[in-house]
Amino acid sequence: MAASGTGLGAPDPNLGVAPENLVIIGSGPAGYTAAIYAARANLNPLLITGFQVGGIAGGQLMTTTHVENFPGFPDGILGPELMDRMKSQAVRWGTRLLEADAEGLDLSQRPYRIRVEGQTIISQSLILATGASANRLGIADEDRFWSRGISACAICDGATPQFRNAQLAVVGGGDSACEEAVYLTKYGSKVHLIVRGARLRASAAMADRVRANPAITVHWHRQVIGVAPEPGDGNWLGAITLGDPTGGSSETLPVRGLFYAIGHTPNTQLMRDQLALDPRGYLITRAGHPETSLEGVYAAGDVADAEWRQGITAAASGCQAALAAERWLSAQGLALTVPRAEVEPKSLGEPVQTPVSDGDNYDPVALWQKGGYALRKLYHDSNRPLLVVYSSPSCGPCHVLKPQLKRVLKELEGRAQGVEIDIETDQDIAEQAGVTGTPTVQLFLNKELKQQWKGVKQRSEFLQAIDALLNPSS
Ligand SMILES: Cc1cc2nc3c(=O)[nH]c(=O)nc-3n(C[C@H](O)[C@H](O)[C@H](O)COP(=O)(O)OP(=O)(O)OC[C@H]3O[C@@H](n4cnc5c(N)ncnc54)[C@H](O)[C@@H]3O)c2cc1C
């Protein structure tokens with residue numbers, strides 16, 4: 001955990017912890033905007049970022065490339081970069097981050113209770129900004145081929161070697177499906193867009209891009225009803241079967257990649273039976289207002305918005321929720337404000353990029369380096385555990401994971417090292433390493449692969465694995 005749930009005021013007699021003024025759950029545009037406003041109001045907010053349940057820290061924009069409609073960025077900005085900036089702004093003004101999932105909520109009493117990593121945090125007020133998660137089709141063998149051809153994030157996984165020059169398919173007819181189909185033409189030889197109905201639901205501009213792209217074939221009135229392995233060891237997706245929802249004939253397409261873009265479900269599992277939800281599971285609030293059905297509990301962003309679902313609308317509702325929480329806490333006499341030590345917090349500056357190592361700047365004892373040169377040198381010469389993370393520039397989960405891995409290496413004070421490989425620039429290395437998606441992390445010792453992880457994992461997993469190599473007898 002990055003921050004402990006140290007609350008304010010008198011401790012709860014049963015739990016022994018003091019209540020927070022405000023806990024924000026979720027770190028998308030809604031959560032971070034709420035945090036910026038609440039921190040600037042000296043409410044000392046605690047933000048639970050989310051980790052694996054309900055998406056990733058930073059939210060849905062971590063899974064996209066260019067965001068071209070968020071005001072203030074005339075040339076557009078990469079989704080993960082936009083979210084890194086929101087996070088920095090929230091932290092700069094004093095938001096405390098807890099890098100974990102909220103596992104349970106008890107809204108039956110005040111202060112409200114939140115379960116996180118086995119602990120209970122109590123809070124006078126709450127902002128629920130848990131957003132929405134990508135839907136799955138739920139077809140047979142979906143789990144078998146998940147990350148072995150099937151993905152819910154073309155932007156994260158499109159650069160994977162297995163997809164290069166292969167036929168690929170995208171399911172869906174909205175903006176995300178069209179964006180993903182166009183994006184995948186960078187990698188695949190042909191992209192099939194599978195649409196259940198007779199028209200695209202995407203915006204006119206997106207639909208035009210699809211129609212104008214000769215590498216995309218749209219299959220109307222089709223749905224994916226089956227998946228099959230490719231010949232050989234059968235470990236990778238090789239074909240999909242398309243059925244006709246109106247009862248026509250089926251057909252098989254030889255694709256190595258199947259990408260889902262079939263909408264999202266609001267992350268309200270924690271709130272079921274405690275707050276008013278609509279039939280689709282969205283939190284119900286009064287139109288244009290953040291108040292939920294319980295006093296002191298506010299909703300922000302996609303979790304309460306089945307209609308607009310944009311970064312800017314989520315950010316705007318995060319602002320409203322924080323202002324409403326501040327007013328309510330003040331009116332109830334519950335706000336215990338914490339003035340900042342510095343009236344004007346220090347600028348955090350621009351993020352520093354790791355340079356690619358070469359013969360001139362390679363450092364045999366550096367904790368973290370980048371590129372094939374550093375990997376080859378460390379693989380052959382180092383006798384310390386070596387963490388290799390395979391990422392791609394647009395991979396949002398990689399943005400979440402890399403700082404975690406750097407923290408692990410810092411905590412180990414040089415007893416292990418790390419190298420980052422961009423699978424777009426170092427395709428051969430990624431292929432040789434058998435990388436099937438990003439992020440992938442491999443742990444080596446003395447040229448031997450000891451362990452491999454796919455996706456974002458807790459820091460403790462990496463620490464334990466490296467510790468076991470450093471202390472084999474303990
Ligand atoms: C592929 C794609 C492209 C998009 N492109 C654009 C675009 O160009 N412009 C635009 O304006 N919008 C775009 N959107 C929409 C935009 O991303 C969303 O509207 C916006 O991110 C919603 O913000 P949010 O803060 O409400 O929720 P989200 O971004 O969904 O964030 C939810 C947060 O809650 C966390 N969370 C969930 N459950 C828990 C839990 N139990 N405990 C703790 N945390 C939890 C998640 O980890 C996440 O951090 C795009 C969406 C997608 C999927």
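Around the ligand sit 41 residues, and those that come nearest are Gly-28, Gly-50, Gly-59, Gly-131 and Gly-301. By class, this shell has 17 nonpolar, 21 polar and three charged residues. Two helices take part in it: H1 (29-40) and H7 (311-331) each supply at least two residues of the shell.

Keep in mind that this is a predicted model. The mean pLDDT of the protein is 92, with 98% of its residues reaching 70 or more. The start of the chain is another matter: over residues 1-5 pLDDT stays under 50, and the model has 16 contacts there beyond four places in sequence.

Back to the two helices of the ligand shell. H1 and H7 also meet each other, in a right-handed crossing. On the H1 side, the contact is made by Pro-29, Ala-30, Gly-31, Thr-33, Ala-34, Tyr-37 and Ala-38. On the H7 side, the residues include Gly-311, Ala-314, Ala-315, Ser-317, Gly-318 and Cys-319, and also Ala-321, Ala-322, Leu-323, Ala-325 and Glu-326. Sorted by class, the contact of H1 with H7 has 12 nonpolar, five polar and one charged residues.

A second helix pair is worth a look. H9 passes H11 in a right-handed crossing too. Here Gln-404, Leu-405, Arg-407, Val-408 and Glu-411 of H9 touch Arg-459, Phe-462 and Leu-463 of H11. This contact of H9 with H11 has four nonpolar, one polar and three charged residues. Their axes cross at roughly 40°, and H9 and H11 are therefore oblique to each other.

Here are the two pairs side by side:

| Helix pair | Axes come within | Crossing angle |
|---|---|---|
| H1 and H7 | 7 Å | roughly 40° |
| H9 (396-411) and H11 (459-470) | 9 Å | roughly 40° |

Now for some backbone details in the loops. The peptide bond from Arg-110 to Pro-111 is cis, with omega near -10°. Pro-111 lies in the loop that runs between strand S6 (102-106) and strand S7 (112-116). Another cis bond goes from Thr-438 to Pro-439, this one with omega near -5°. You'll find Pro-439 in the loop between helix H10 (427-432) and strand S23 (440-445).

On the far side of S7, the loop between S7 and strand S8 (119-128) holds Glu-117. Glu-117 is not a glycine, yet it has a positive phi of about 45°.

Terms used
Residues numbered from 1 in each chain as written. Predicted model: local features only at pLDDT ≥ 70, side-chain atom pairs only at ≥ 80, totals over all residues. Axes fitted to C-alpha atoms, helices over the stretch in contact; angles between N-to-C directions. Helix = DSSP H or I, 4+ residues; strand = E, 2+ residues; numbered from the N terminus. Parallel < 35°, antiparallel > 145°, perpendicular 65-115°, else oblique. Left-handed = near helix turned anticlockwise from the far one by under 90°. Contact = placed C-beta atoms within 7 Å. Nonpolar A, V, L, I, M, F, W, Y, C, P; charged D, E, K, R; others polar. Near = placed C-beta within 6 Å. pLDDT = per-residue confidence, 0-100.
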